[in-house]
Amino acid sequence: MKKGIIILFLCCLHSAATAQVIIALLFGDKLNTGKTDFGIVVSPALTNISHLDSKSKSGLNLSLFLDFRPDRPFYLHIEGIAKGSFGAKDIRPYSTENDSLDHLFANGSVERKIKTFGLPVLVRYKISSLFSAEAGIQANMRLKAQDIFKTEVQGNDLEYTVTVTKELTWLDFGVAGGLYYKFSKKKSSMGVGVRYFQGLTDTYKTMTGNQVNTAWQLNITIPIGAGKNANANQAKGSNTENSKK
């Protein structure tokens, strides 16, 4: 039932993200072993860009996660974020080098949308059996970036989109840290966490100021295949005991 809900929910997302879910469903039971945990992370986020007169914008990240030796006090947590989102909104309009457009959007605002592929590599420390702290590094590869100019003219919404992919830095490095809580000790248990990302790379070097990405994320982890393996191991154990009798 859990797999059916995941597929239905994610059918409306980006094709790359959908492919990621299919991979998880196909190979989750192979990767969830005694030494590793594997699954999906759904992460609503609030992102912003430093040194811009802007406000935080909402976004959604979707990734796969792999935990190495989660049975130990310290363990490695890696994510592959196929659908990453950064940016900001309510940015002051800048010149488009078109006098007519500049006049129309002079009193409007700009929303910057940045799509990325991310790779967080974090070390988690178990404060208790269910509660962990995490810290590490994260690299983000810029895939696409757009500035969407928005205004209202005579009661009608008006938008103009400028692709700024080439103007932004291709690779963005930063640090990340947060807290994570797992609902139970079972391998099939979901979990929830909060994480902050602080970029260290100036993403827009042609503009004044060190513009780095920042993000607050709410991470919801969904193990794939863990319950199936647990049931298989339990059945195997029962068969072994019966054979001994």
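The following paragraphs describe the fold, nonpolar cores, aromatic pairs, salt bridges and surface of a predicted model.

The protein chain contains four helices and nine strands. Along the sequence, these elements follow the pattern α-α-β-β-β-α-β-β-β-β-β-β-α. Of the 245 residues of the chain, 41% count as buried. Among contacts between residues at least 6 apart in sequence, 65% join residues at least 24 apart. The accessible surface of the chain comes to about 13500 Å², and 60% of this area belongs to carbon and sulfur atoms.

In soluble globular proteins, nonpolar side chains tend to be buried together. In this model, the largest nonpolar core has 18 residues. Within this core, the residues that touch the most other members are I49, F86, I91, I114, A145, L168 and F197. Strand 3, strand 4 and strand 5 (131–153) are the elements that give two or more residues to the core. A second, separate core consists of seven residues, among them F38, L62, L64 and I224. The surroundings of I114 can be listed in detail. With neighbours within four places in sequence left aside, I114 is in contact with I49, G84, S85, F86, G87, R142, K144, A145, L168 and N213. This list includes I49, F86, A145 and L168, which also appear among the core residues that touch the most other members.

A pair of aromatic rings is described by the distance of the centres and the angle of the planes. Eight aromatic pairs were counted in the model. One of the pairs, F105 with F149, is edge-to-face, with 5.8 Å from centre to centre and 65° between the planes. F105 lies in the loop between helix 3 (99–104) and strand 4, whereas F149 lies in strand 5, so the pair ties together parts that are 44 residues apart in sequence. F105 is buried because its relative accessible area is 2%, a value under the 20% limit for burial. F149 is also buried, with a relative accessibility of 1%. F105 also pairs with Y160; the ring centres are 6.4 Å apart and the planes stand at 35°, so this pair is tilted. The pair of F105 and Y160 links distant parts of the chain, 55 residues apart, with Y160 in strand 6 (residues 156–163). Y160 is partly exposed, with a relative accessible area of 32%. Together with Y94, the residues F105, F149 and Y160 form one aromatic cluster.

Side chains of opposite charge can pair when their charged atoms come close. The structure holds 10 salt bridges. One of them joins the side chains of R92 and D53, with 3.4 Å from N to O. R92 lies in the loop between strand 3 and helix 3, and D53 in the loop between strand 1 (36–49) and strand 2, so the pair ties together parts that are 39 residues apart in sequence. Both R92 and D53 are exposed.

Two further salt bridges share E134. In one, the closest N and O atoms of R124 and E134 are 2.8 Å apart. This pair links R124 in strand 4 with E134 in strand 5, 10 residues apart. Both R124 and E134 are buried. In the other, the side chains of R195 and E134 meet at 2.7 Å, N to O. R195 lies in strand 8 (residues 191–199) and E134 in strand 5, so the pair ties together parts that are 61 residues apart in sequence. R195 is buried as well. With E79 added, R124, E134 and R195 are linked in a network of salt bridges.

On the surface, a nonpolar patch of about 920 Å² is made by L46, F68, F74, L76, V123, Y125, I127, L179, V194 and W216. The elements that give two or more residues to the patch are strand 3 (74–91) and strand 4 (109–126). F68, one of the patch residues, is found in strand 2 (residues 57–68). The relative accessible area of F68 is 34%, so this residue counts as partly exposed.

Positive phi values occur at two residues other than glycine, considered here in turn. Phi of D90 is near 60°. D90 lies in strand 3 and is partly exposed, with a relative accessible area of 35%. For Q154, phi is near 50°. Q154 is found in the loop between strand 5 and strand 6 and is exposed, at 78% relative accessible area.

Terms used: Residues numbered from 1 in each chain as written. Predicted model: local features only at pLDDT ≥ 70, side-chain atom pairs only at ≥ 80, totals over all residues. Heavy atoms only, no water. Patch = residues over 30% accessible without salt bridge, like charges linked within 9 Å, V, L, I, M, F, W, Y side chains within 5 Å. Areas by Shrake-Rupley, 256 points an atom, 1.4 Å probe, with all protein chains shown as cover. Salt bridge = Lys/Arg side-chain N within 4 Å of Asp/Glu carboxyl O. Buried < 20%, exposed > 50% of the residue type's maximum accessible area, 1.4 Å probe, protein only. Core = buried A, V, L, I, M, F, W, Y, C linked by side-chain atoms within 4.5 Å. Contact = heavy atoms within 4.5 Å. Phe/Tyr/Trp six-rings, centres within 6.5 Å; stacked < 30°, edge-to-face > 60°.
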